[in-house]
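Here are some short exercises to work through with the model open in your viewer. Try each task before reading its solution.

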Amino acid sequence: KETNKSKKAASNYSMKDKNGTATSGAEAPEEDVVDPWTVTASSNKGIDYDKLIDKFGCSSLNESLIERLEKATGKTAHHFLKRGIFFSHRELDKILSLVEQGRSFYLYTGRGPSSDAMHLGHLVPFIMTKWLQDVFDVPLVIQLTDDEKYLWKDITLEQCNKMAHDNAKDIIAIGFDINKTFIFSDQEYMNGPFYANVLKVQKHVTFNQVKGIFGFDESTNIGKIMFPAIQASPSFSNSFPEIFGDRNDVPCLIPCAIDQDPYFRMTRDVAPRLGYQKPALIHSVFFPALQGASTKMSSSDQNTSIFLTDTQKEIKKKINRNAFSGGRDTVEEHRERGADVAVDVSCMYLRFFEPDQEKYEDIVAKYGRGDLLTGEVKAHLIGVLQKLVGEHQERRKLVTDETVLQFMTPRPLNFRPDPPVTTKIKTATTTVA
């Protein structure tokens with residue numbers, strides 16, 4: 001009964017296509033659609049990431065590269081890497097080469113504030129970014145694109161900025177080091193050297209280029225057309241003179257979901273023409289909606305997501321009612337055939353948030369054989385998520401407006417500067433992008 005209920009909820013799920021038109025969850029597109037605003041899969045197993053790697057022209061984040069990262073850091077790789085949650089990259093190998101030479105870099109990631117509360121999917125790049133900050137001991141800049149949300153959504157600038165500050169509290173609660181982390185709102189920070197880089201990118205990217213990359217047309221407002229230059233500019237170290245001075249050669253690594261890659265393909269194309277280094281990236285898969293992996297979670301639909309503000313009771317209710325099940329229609333059939341774990345949302349969520357590898361593998365294997373029922377797997381997931389969200393809520397209570405102001409004040413960060421790249425041209429040509 002519970003299995004049928006969760007499947008029925010998924011079939012009734014409504015999502016939007018690229019033009020904003022509502023479509024049934026059962027009416028999947030013929031091909032996967034992935035861009036910065038729309039993610040829909042042609043299968044309830046989710047996006048075909050191998051095809052996406054080929055389409056986007058990035059590289060697989062393979063086992064040998066993960067082993068090299070472990071050797072460079074002296075730390076066991078995060079389970080996001082071991083389980084393929086971060087699955088592709090652009091020139092991560094060059095960042096590791098710099099680390100192996102004793103050189104440094106900085107991290108850049110971001111959040112587009114579209115709601116007062118973040119959901120579990122929003123945590124994924126930040127959890128990875130915190131781990132990278134810890135193991136590499138490097139500075140981090142976090143961009144809150146409150147200007148982007150104003151341009152794309154029917155909300156005021158004031159609402160966008162308030163949501164940015166609310167989201168900053170959730171981000172800070174993840175545990176970032178205040179001495180190595182600068183969080184900024186585009187509305188508040190974009191001036192001086194940062195705006196100079198925005199202008200440089202704008203001058204070197206044509207309308208035809210952004211039209212081809214992002215699908216803009218003659219009816220697109222000009223704010224959207226110029227916005228990619230704003231998301232590109234944090235990739236260049238001299239956008240942050242308080243941290244890096246006038247250095248434009250400090251390498252940058254960007255952890256993000258792969259739907260953000262078009263912004264940085266453009267950035268990597270324009271960087272050499274500006275005399276800057278190309279940013280490196282590592283890409284995550286999408287965190288699926290409760291109704292299934294055919295689309296990512298939505299901030300505007302409470303029923304698709306577990307939010308960081310959800311109560312313990314709400315988490316249990318959402319998982320039991322809405323999480324799409326790969327279990328069979330009857331207990332007898334389930335015991336005989338086992339669950340289809342490839343489409344089961346509880347298994348997908350455990351892949352992200354069950355930290356114990358042995359326990360994770362055991363649950364999925366037993367469920368796939370039919371030894372565990374859907375209700376038992378959901379019960380374990382509920383416990384994992386209640387603990388995760390509950391601990392996050394306790395940390396967030398300690399984040400005050402004053403704490404947010406400290407993180408968002410432009411200032412020097414703990415950073416060990418390397419000699420300028422130009423002093424090592426002859427010895428570093430194979431490692432500097």
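This is a predicted model, and the exercises begin with a pocket.

**Exercise 1. Work out where the second largest pocket lies relative to domain 1 and domain 2.**

Solution.
- Step 1: Look at which domains reach the lining. Domain 1 (33-290) and domain 2 (312-397) both contribute residues, so the second largest pocket lies between them.
- Step 2: Put a volume on it. The second largest pocket holds about 450 Å³ of space.
- Step 3: Find its centre. The lining has 18 residues, and the closest to the centre are Ile127, Phe353, Leu388, Glu391 and Arg395.
- Step 4: Assign the lining to helices. At least two residues come from each of α4 (79-82), α6 (120-136), α17 (345-353) and α19 (374-397). The biggest share is from α19, with 6 residues.
- Step 5: Sort the lining by class. There are 10 nonpolar, 3 polar and 5 charged residues.

**Exercise 2. Trace the open sheet of 7 strands and find its edge strands.**

Solution.
- Step 1: Write down the order, which is β5-β6-β11-β10-β7-β8-β9, with mixed pairing.
- Step 2: Pick out the strands that pair on one side only. These edge strands are β5 (59-60) and β9 (181-185).
- Step 3: Start walking from β5. It is joined to β6 (residues 86-90) by 2 bridges, and the two run antiparallel. Ser60 has Ser88 of β6 as its bridge partner.
- Step 4: Step on to β11. Here β6 and β11 pair over 4 bridges, again in the antiparallel sense, and Ser88 has His283 of β11 as its bridge partner. Ser88 therefore has a bridge partner on each side, Ser60 and His283.- Step 5: Go from β11 to β10. They run parallel and are joined by 5 bridges, with Ala257 opposite Ser284 of β11.
- Step 6: Cross from β10 (residues 252-257) to β7. There are 2 bridges and the strands run parallel; Leu107 faces Leu253 of β10.
- Step 7: Finish at β8 (residues 140-144). It is joined to β7 by 5 bridges, and the pair runs parallel. Arg111 stands opposite Leu144 of β8.

**Exercise 3. Are the residues of β11 buried or exposed, and which way do they point?**

Solution.
- Step 1: Recall the general pattern. Side chains in a regular strand alternate between the two faces of the sheet.
- Step 2: Apply the cut-off for burial, under 20% relative accessible area. In β11 (residues 280-284), 5 of 5 residues are buried.
- Step 3: Split them by direction. Ala280, Ile282 and Ser284 point one way, while Leu281 and His283 point the other way.
- Step 4: Repeat the count for β7 (residues 106-111), where 5 of 6 residues are buried.

**Exercise 4. Describe how α12 is covered and what is found at its start.**

Solution.
- Step 1: Count the buried residues. In α12 (residues 222-232), 8 of 11 are buried.
- Step 2: Name them. They are Gly223, Lys224, Phe227, Pro228, Ala229, Ile230, Gln231 and Ala232.
- Step 3: Inspect the start of the helix. A side-chain oxygen of Asn221 comes within 3.0 Å of the backbone nitrogen of Gly223.

**Exercise 5. Which residues line the second largest cavity?**

Solution.
- Step 1: Count the cavities. The structure has 3 of 30 Å³ or more, and the second largest has a volume of about 40 Å³.
- Step 2: List its lining, which is Arg103, Ser104, Arg247, Asp249, Val250, Pro251, Phe415, Pro417 and Asp418.
- Step 3: Group these by class to get 4 nonpolar, 1 polar and 4 charged residues.

Terms used. Residues numbered from 1 in each chain as written. Predicted model: local features only at pLDDT ≥ 70, side-chain atom pairs only at ≥ 80, totals over all residues. Heavy atoms only, no water. Buried < 20%, exposed > 50% of the residue type's maximum accessible area, 1.4 Å probe, protein only. Polar contact = N/O pair within 3.5 Å; in protein donor to acceptor, adjacent residues only side chain to side chain. 1 Å grid on protein atoms, 1.4 Å probe; cavity = no way out; pocket = protein on both sides within 12 Å on 5 of 7 lines; lining within 4 Å. Points joined across faces, edges and corners; volume = space filled by probe spheres on them. Nonpolar A, V, L, I, M, F, W, Y, C, P; charged D, E, K, R; others polar. Domains from an automatic or database assignment. Pairing = 2+ DSSP bridges.
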